[in-house]
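Reader: I'd like a close look at one part of this model, the salt bridges, and then a walk outward from there. Could you take me through it in one go?

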Amino acid sequence: MARTTSILTAGVDALLNAELATLPSEDLLDVVRSVEAQRRRLVAVDHLLITELATRGVASELNFGSVPALLAHVLRLDAGEARARVRAAEDLGPRVGLAGERLDPLFAEVTALQRDGHIGASHAKVIRETVEAVPSHLPVTDHEAAYTALLSAAVQLPPRQLTQLGTRILAHLNPDGVPPRDEEVQRRRGIELIRHRHGGATISGFLTPACLAMVDAVLDSLSAPAATVDGAPDDRSAPQRRHDALQDACTRLVADGGLPSAGGVPVTVLVTMTDEQLATRRGYATTGRGDLISVVEALELADQSEIVATTLSRSGGVLDVGRTKRCATPTMRLALFARDRGCSFPGCSMPALWTEAHHVRPWQDGGITAVGHMCLLCGFHHRSFQKMGWEVVMEDGVPWWRPPTWVDPERRAIRNTRHHTDQHDPIIRGRSKGRGEPPPTGPPV
């Protein structure tokens with residue numbers, strides 16, 4: 001085996017040092033095809049190696065809890081990739097019977113195509129997932145027909161088109177009029193968070209009908225288009241509004257305090273930054289899971305979440321651990337509900353129950369957690385009013401809003417009266433609190 005490894009290394013070295021610039025185009029394409037074929041075959045080798053590790057119990061021998069944990073440590077893989085490799089090996093690698101005999105892989109034909117270099121790991125994944133998604137109550141002949149069709153197409157189509165074919169096959173075998181059985185739905189349930197290198201993540205998965213109904217109810221209530229001062233439509237797309245609604249829902253859940261404790265303490269949004277970042281509001285902080293978040297966005301979380309201000313020196317030492325602080329107590333929120341009745345931003349009709357409590361002076365900058373220094377804002381306006389150039393000020397214990405100069409050059413303060421139809425207070429006031437004319441209509445807010 002050591003000699004085989006040396007040959008493999010020598011072959012790769014030869015390719016790395018080859019004078020590719022001297023090759024004719026056809027020869028260059030031949031090399032590309034050959035390398036791709038061997039890349040695909042190496043995946044089959046990976047399945048053999050992982051199966052051998054599992055069969056011998058090497059993970060336990062080295063005090064690892066599982067084969068994925070062993071791979072993640074030895075190969076420096078993300079945990080998700082390590083688990084995916086092991087799952088693929090379980091389906092596509094050789095199996096061992098109860099008596100120790102070798103058995104064919106579950107997807108033997110897929111394995112054979114991989115060993116010959118005809119299909120890659122992405123093709124194999126599509127075939128496995130599509131076949132497993134065929135409802136179990138359908139006849140065996142339907143499963144076999146789907147499997148055969150996918151095998152035939154895999155050697156001709158790229159993975160994306162193979163996925164589309166798999167979708168059409170599933171739609172044909174299980175049309176809308178034939179719902180899957182409950183156990184089938186429960187088996188398929190799951191959510192994946194695929195983190196991206198430079199921040200953010202993609203959500204994918206399958207929701208049960210019950211979970212979907214709850215998610216629909218939450219998103220529908222929080223993703224309605226937000227009102228603007230001049231009546232212009234919300235310029236967010238529907239997916240963007242649903243994203244913001246999900247963030248609003250999570251913010252409410254964390255702030256409510258109804259989640260079970262984690263690690264012996266209430267659920268906390270843990271964000272770590274240096275003292276220099278805290279002072280300059282620049283750079284990126286680190287979340288409890290090691291993801292990056294801009295310092296500005298991290299500090300915005302302080303308005304609505306339990307936050308522990310842990311400041312580190314440049315060398316990583318703890319300089320200070322601040323107090324945990326909630327934005328507003330339930331009693332304070334009830335008082336804000338009574339005063340503002342809903343989002344205080346001009347023109348917004350979002351009711352009080354769907355709003356967040358906002359510090360007029362940010363809490364991280366020394367803002368006071370008191371009713372007279374706070375106002376209600378919906379999630380959309382809470383995140384965007386500063387970017388749009390608006391400023392909130394408290395006058396006589398009531399929030400008033402100064403628009404940007406492109407809305408009103410004099411920046412006369414405006415109050416949202418959408419929730420106060422029973423009152424006749426002036427909507428517009430000048431800088432000296434005198435009566436003023438309504439500001440000219442500006443671009444959409």
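Which residue forms a salt bridge with Glu 36, and how far apart are the closest N and O atoms?

Author: Keep in mind that this is a predicted model. The partner of Glu 36 is Arg 39, and their closest N and O atoms sit 3.0 Å apart. Both residues belong to helix α2, which covers residues 25-56, and they are three residues apart, about one turn of the helix. As for exposure, Glu 36 counts as partly exposed because its relative accessibility is 30%. Arg 39, with 52% relative accessibility, counts as exposed, because the cut-off for that is over 50%.

That pair is one of 15 salt bridges that turn up in a search of the whole structure. Another one within a single helix joins Lys 125 to Glu 129, with 2.7 Å between the closest N and O atoms. Here the helix is α7, residues 121-133, and the two partners are four residues apart, again about one turn of the helix. Lys 125 is partly exposed, at 43% relative accessibility, and Glu 129 is partly exposed too, with a relative accessible area of 43%.

Now for a pair that reaches across the sequence. Asp 244 and Arg 383 meet through their side chains in a salt bridge, 3.3 Å from N to O. Asp 244 lies in helix α12 (residues 238-256) and Arg 383 in helix α16 (residues 379-384), so this salt bridge ties together parts that are 139 residues apart in sequence. Asp 244 is buried: its relative accessible area is 13%, and the cut-off for buried is under 20%. There's also a network of salt bridges here, linking Asp 244 and Arg 383 with Arg 236 and Asp 248.

Back to α2, since Glu 36 and Arg 39 both lie in that helix. α2 packs with helix α5 (residues 79-92), their axes being 9 Å apart and at an angle of about 95 degrees. The two helices are therefore roughly perpendicular to each other. On the α2 side, the contact is made by Asp 46, His 47, Ile 50 and Thr 51, while α5 brings Arg 85, Val 86, Ala 88, Ala 89 and Leu 92.

α7 has a second story, away from Lys 125 and Glu 129. In the largest nonpolar core, which has 21 residues, the ones touching the most other members are Val 110, Ile 127, Tyr 147, Leu 150 and Leu 162. The elements that give two or more residues to this core are α6 (108-115), α7, α8 (140-154) and α9 (159-173). α8 gives the most, with six residues. Take Ile 127 as a way in: leaving aside neighbours within four places in sequence, Ile 127 is in contact with Val 110, Tyr 147, Leu 150, Leu 151, Ala 154 and Leu 162. Apart from this core lies another, of 15 residues, with Cys 343, Phe 345, Cys 348 and Cys 375 among them.

Stepping back to the whole chain, the secondary structure comes to 16 helices and 15 strands. Of the 445 residues, 34% are buried. Among contacts with a separation of 6 or more, 50% come from residues 24 or more positions apart. The accessible surface of the chain is about 26800 Å², and carbon and sulfur atoms account for 57% of that surface.

Conventions: Residues numbered from 1 in each chain as written. Predicted model: local features only at pLDDT ≥ 70, side-chain atom pairs only at ≥ 80, totals over all residues. Heavy atoms only, no water. Salt bridge = Lys/Arg side-chain N within 4 Å of Asp/Glu carboxyl O. Buried < 20%, exposed > 50% of the residue type's maximum accessible area, 1.4 Å probe, protein only. Contact = heavy atoms within 4.5 Å. Areas by Shrake-Rupley, 256 points an atom, 1.4 Å probe, with all protein chains shown as cover. Core = buried A, V, L, I, M, F, W, Y, C linked by side-chain atoms within 4.5 Å. Axes fitted to C-alpha atoms, helices over the stretch in contact; angles between N-to-C directions. Parallel < 35°, antiparallel > 145°, perpendicular 65-115°, else oblique.
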